[in-house]
Amino acid sequence: MSFFLKFFKLLPPELSHSLSLNSLNILYKLKILKFFIKKPLHEEAFEFVGIKFKNRLGTAAGLDKNGDYINSLGELGFGFLEVGTITPKAQKGNSKPRVFRNFKENSIINRLGFNNKGVNYLINNLKNRKYKGVLGVNIGANKDSKGNKRIDDYLVCLEKVHKYSDYISINISSPNTSGLRELHNEEELKNLVRSIESKVCELNITVPIFLKISPDTSDKVIDKLIEIVHKSCLVGLIATNTTTDKSNIKNHNFRFIEGGLSGEALMDKATDRLSYINNKVKNLPLIGVGGVISRKDYQFKLKAGAQLVQIYTGFIIKGPNIIHEILNN
């Protein structure tokens, strides 16, 4: 597996991502995936927001946008998977190049822009999946949607995916869709949440719904987010998405690349926001994400208040054996 990982790192980022995940699919379909990975030896089953998990480590949205790799990723030992971000209509995302890997600092910058095949494509994969573990769906808005149309996009996705998911996350925090982070503003967020609550009541939706937030938010904004979520049908927060702050990167060539930074350079900032939320309100369900490259990082997220932890960049950089490393050391 280490040989393939080194080879994939030599390829352009998006090609590498596609080939590596397709390789997992091939190994899964040939029923030989277990010979190439180290699966976790110990499980710590527990319950969170009414759902039973076999362990606390899962994938973050973005790793498998369209649900093409649910079955093979599910074989690796994760406690849960989160697919997406998905939008109502298929869209190509931003122009290439749009992914930049900084291996020396265990970080990635992306400006993908919600490239995906549309919610109907995902639904087909959700219906036909063999994976029986916990699965969340991250939903967003199309690039050309503004104002109330943007809110409608969330409602369309919510209506279509809720029957086939164990939880749903509302993505208002990607820095790569123009204006999306404006939904952190009090009135815009209240409008979105009211619309979601109306749809939840209309369809009697019972799956837990989380809000995924930006790490680039002030304490004041966080306070308001907590207040709005606490008074709504949403159950908790996912903290955090990628950051536009590149000040932690030592390689100056990467500091001026537009897009969201993930990986090691995000760890402190994302965990600070997580810790702040946990200190403000102890009973709010929290999923921690951003910068987890090792077991130590994973443990920091849990100590900061996360009940679940997600990885993305760590998986890209270290490969599937990071799961064994995190859960068994």
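Which backbone oxygen lies 2.8 Å from a polar atom of the side chain of Thr87? Keep that in mind as you open the structure, which is a predicted model. The exercises below start from Thr87 and then move on to helix packing and other buried residues.

**Exercise 1. Place Thr87 and describe its surroundings.**

Step 1. Find the residue: Thr87 sits in the loop that runs between strand 4 (80–86) and strand 5 (99–102).

Step 2. Decide whether Thr87 is buried or exposed. Its relative accessibility is 0%, and buried means under 20%, so Thr87 counts as buried.

Step 3. Answer the opening question. The oxygen belongs to the backbone of Lys89, 2.8 Å from a polar atom of the Thr87 side chain.

Step 4. List the partners beyond four places in sequence. Thr87 is in contact with Phe114, Asn116, Gly118, Val119, Gly140, Ala141, Asn142 and Cys157. Keep Val119 and Cys157 from this list in mind for the next exercise.

**Exercise 2. Work out how helix 4 and helix 5 are arranged.**

Step 1. Take the geometry. The axes of helix 4 (residues 119–128) and helix 5 (residues 147–161) come within 10 Å and cross at roughly 15 degrees.

Step 2. Classify the angle. Angles under 35 degrees count as roughly parallel, and therefore helix 4 and helix 5 are roughly parallel to each other.

Step 3. Add the handedness: helix 4 and helix 5 cross in a right-handed sense.

Step 4. Name the residues that meet. Helix 4 brings Val119, Asn120 and Ile123, while helix 5 brings Cys157, Lys160 and Val161.

Step 5. Sort them by class. The contact of helix 4 with helix 5 has 4 nonpolar, 1 polar and 1 charged residues.

**Exercise 3. Follow helix 9 to two of its neighbours.**

Step 1. Begin with helix 10. Helix 9 (residues 267–280) packs against helix 10 (residues 295–303) at an angle of about 20 degrees, and their axes are 9 Å apart. Helix 9 and helix 10 are therefore roughly parallel to each other, and their crossing is right-handed.

Step 2. Find the contact. Met267, Ala270, Thr271 and Leu274 of helix 9 make it with Asp297, Phe300 and Lys301 of helix 10. By class, the contact of helix 9 with helix 10 has 4 nonpolar, 1 polar and 2 charged residues.

Step 3. Turn to helix 7 (residues 219–230), whose axis comes within 11 Å of that of helix 9, with a crossing of roughly 50 degrees. Helix 7 and helix 9 are therefore oblique to each other. Helix 7, too, passes helix 9 in a right-handed crossing.

Step 4. Find this contact as well. From helix 7 come Asp219, Ile222, Asp223 and Ile226, and from helix 9 come Arg273, Tyr276, Ile277 and Lys280. The contact of helix 7 with helix 9 divides into 4 nonpolar, no polar and 4 charged residues.

**Exercise 4. Show what surrounds the side chain of Asn241.**

Step 1. Locate Asn241 in the loop between strand 10 (236–239) and helix 8 (252–255). With 10% relative accessibility, Asn241 counts as buried.

Step 2. Look for polar contacts. The Asn241 side chain makes one of 3.3 Å with the side chain of Asn171 and one of 3.0 Å with the side chain of Ser173.

Step 3. Widen the view beyond four places in sequence. Asn241 is in contact with residues including Ser174, Lys212, Ile213, Pro215 and Leu266.

**Exercise 5. Compare the settings of Ser195 and Phe315.**

Step 1. Place Ser195 in helix 6 (residues 186–203). Its relative accessible area is 19%, so Ser195 is buried, the cut-off being under 20%.

Step 2. Find its partners. Setting aside neighbours within four places in sequence, Ser195 is in contact with Ile151 and Leu155. The C-alpha atoms of Ser195 and Ile151 are separated by 7.5 Å, although the two residues are 44 residues apart along the chain.

Step 3. Place Phe315 in helix 11 (residues 313–318). Phe315 has 6% relative accessibility and counts as buried.

Step 4. Find its partners too. Beyond four places in sequence, Phe315 is in contact with Leu21, Leu24, Leu63, Leu73, Leu76, Phe78, Pro320, Ile322 and Ile323. For one more distance, the C-alpha atoms of Phe315 and Gly263 are 9.9 Å apart, with their positions 52 residues apart along the chain.

Conventions. Residues numbered from 1 in each chain as written. Predicted model: local features only at pLDDT ≥ 70, side-chain atom pairs only at ≥ 80, totals over all residues. Heavy atoms only, no water. Axes fitted to C-alpha atoms, helices over the stretch in contact; angles between N-to-C directions. Helix = DSSP H or I, 4+ residues; strand = E, 2+ residues; numbered from the N terminus. Parallel < 35°, antiparallel > 145°, perpendicular 65-115°, else oblique. Left-handed = near helix turned anticlockwise from the far one by under 90°. Contact = heavy atoms within 4.5 Å. Nonpolar A, V, L, I, M, F, W, Y, C, P; charged D, E, K, R; others polar. Buried < 20%, exposed > 50% of the residue type's maximum accessible area, 1.4 Å probe, protein only. Polar contact = N/O pair within 3.5 Å; in protein donor to acceptor, adjacent residues only side chain to side chain.
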